Structures are given as structure tokens and as C-alpha cells.
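Q: Please take a close look at a single part of this protein for someone who has not seen it before. Start with enough of the whole to place that part, and explain each term as it comes up.

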Amino acid sequence: RFGKLIDIDFGVDGAMLGARIRTYLLEKSRVVAPADGERSYHVFYRLCAGANDEERAELSVPRDPLEFEYLAKSGVVDVDGVD
């Protein structure tokens with residue numbers, strides 16, 4: 001029901017400098033039918049935007065996230081403060 005994202009910062013020597021934990025509420029209804037102006041599965045949008053050609057071939061990831069049915073439902077590709 002809840003998801004967590006951990007951002008860990010490392011120094012140039014490889015030592016951990018600090019970390020941040022974000023907790024997300026994972027609602028099934030919002031994943032399969034996002035509200036207008038919302039999107040789900042942020043990681044897939046970021047993967048479509050940032051995968052190199054080798055990763056795209058290996059994972060069958062398109063450049064346009066709207067090629068995925070679930071991602072296209074809301075029509076939202078970019079979210080301020082996330083992308």
C-alpha cells in the first residue's frame with residue numbers, strides 16, 4: 001500500500017554523505033485509472049526519457065511513453081518538479 005524512494009548521496013571518496021526517504025501512497029485505482037492531469041508509474045516515463053539505445057533494445061522501451069496503454073490514459077507526460 002505504501003512505497004518508499006530512498007535517495008542516497010555519496011562523496012567523491014565513496015562515503016555516504018546523507019539520505020532522504022520519500023513515502024508514497026500506492027493506490028490501485030490511481031494506477032489503472034489516473035485522474036485528469038495525473039500520471040502513474042513515474043519510473044517508466046523517466047526510463048523512456050533516459051534510456052540509451054542499448055537499454056531500449058534490451059528492455060523494448062520506446063522513446064514516447066504514450067506508446068504504453070497505461071501511460072497514455074491520462075495524456076500527461078511531464079510533471080513539474082518531477083521531470
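A: What follows goes from the whole chain to helix α3 and its surroundings, and then to the two strands.

This is a predicted model, in which local features need pLDDT of at least 70 and side-chain atom pairs count only at pLDDT 80 or more, while totals for chains, interfaces and linings use all residues. Residues are numbered from 1 along each chain as its sequence is written, and side-chain values use heavy atoms, with hydrogens and water left out.

The protein has four helices and two strands, and along the sequence these elements come in the pattern β-β-α-α-α-α; helices (H or I, at least four residues) and strands (E, at least two) are DSSP runs, numbered from the N terminus. Of the 83 residues, 17% are buried, where buried means under 20% relative accessible area, exposed means over 50%, and partly exposed lies in between (1.4 Å probe, protein chains only). The mean pLDDT, which is the predictor's confidence in each residue on a scale from 0 to 100, is 82 for the protein, and 86% of the residues reach 70 or more. Among the elements, α3 has the highest mean pLDDT, at 93, and α1 the lowest, at 61.

Helix α3 covers residues 53-59 and includes Arg56. Arg56 is buried and yet has no salt bridge, the nearest side chain of opposite charge being that of Asp53, 4.5 Å away. For this purpose Lys and Arg count as positive and Asp and Glu as negative, with His and the chain ends not counted, and a salt bridge requires a side-chain nitrogen of Lys or Arg within 4 Å of a carboxyl oxygen of Asp or Glu. If neighbours within four places in sequence are left aside, Arg56 is in contact (heavy atoms within 4.5 Å) with Leu47, Cys48, Ala49, Ala51, Val61, Pro62 and Arg63.

Asp53 does have a salt bridge, with Arg63, at 2.8 Å from N to O. Because Asp53 lies in helix α3 and Arg63 in the loop between α3 and α4, this pair ties together parts that are 10 residues apart in sequence. Both partners are exposed, Asp53 with a relative accessible area of 57% and Arg63 with one of 56%. The loop between α3 and α4 (69-72) also holds Ser60, whose phi is near 55°, a positive value in a residue other than glycine. Most residues other than glycine have a negative phi. Ser60 is exposed, at 59% relative accessibility.

The strands offer another charged pair, since a search of the whole structure finds two salt bridges. Arg20 pairs with Asp9, and their closest N and O atoms are 2.8 Å apart. Arg20 lies in strand β2 and Asp9 in strand β1, so the pair ties together parts that are 11 residues apart in sequence. Here both residues are partly exposed, Arg20 at 41% relative accessibility and Asp9 at 31%.

Elsewhere, the loop between α1 (28-32) and α2 (42-50) contains Pro34, which is buried with a relative accessible area of 15%. The C-alpha atoms of Pro34 and Val76 are separated by 9.9 Å, although the two residues are 42 apart along the chain.
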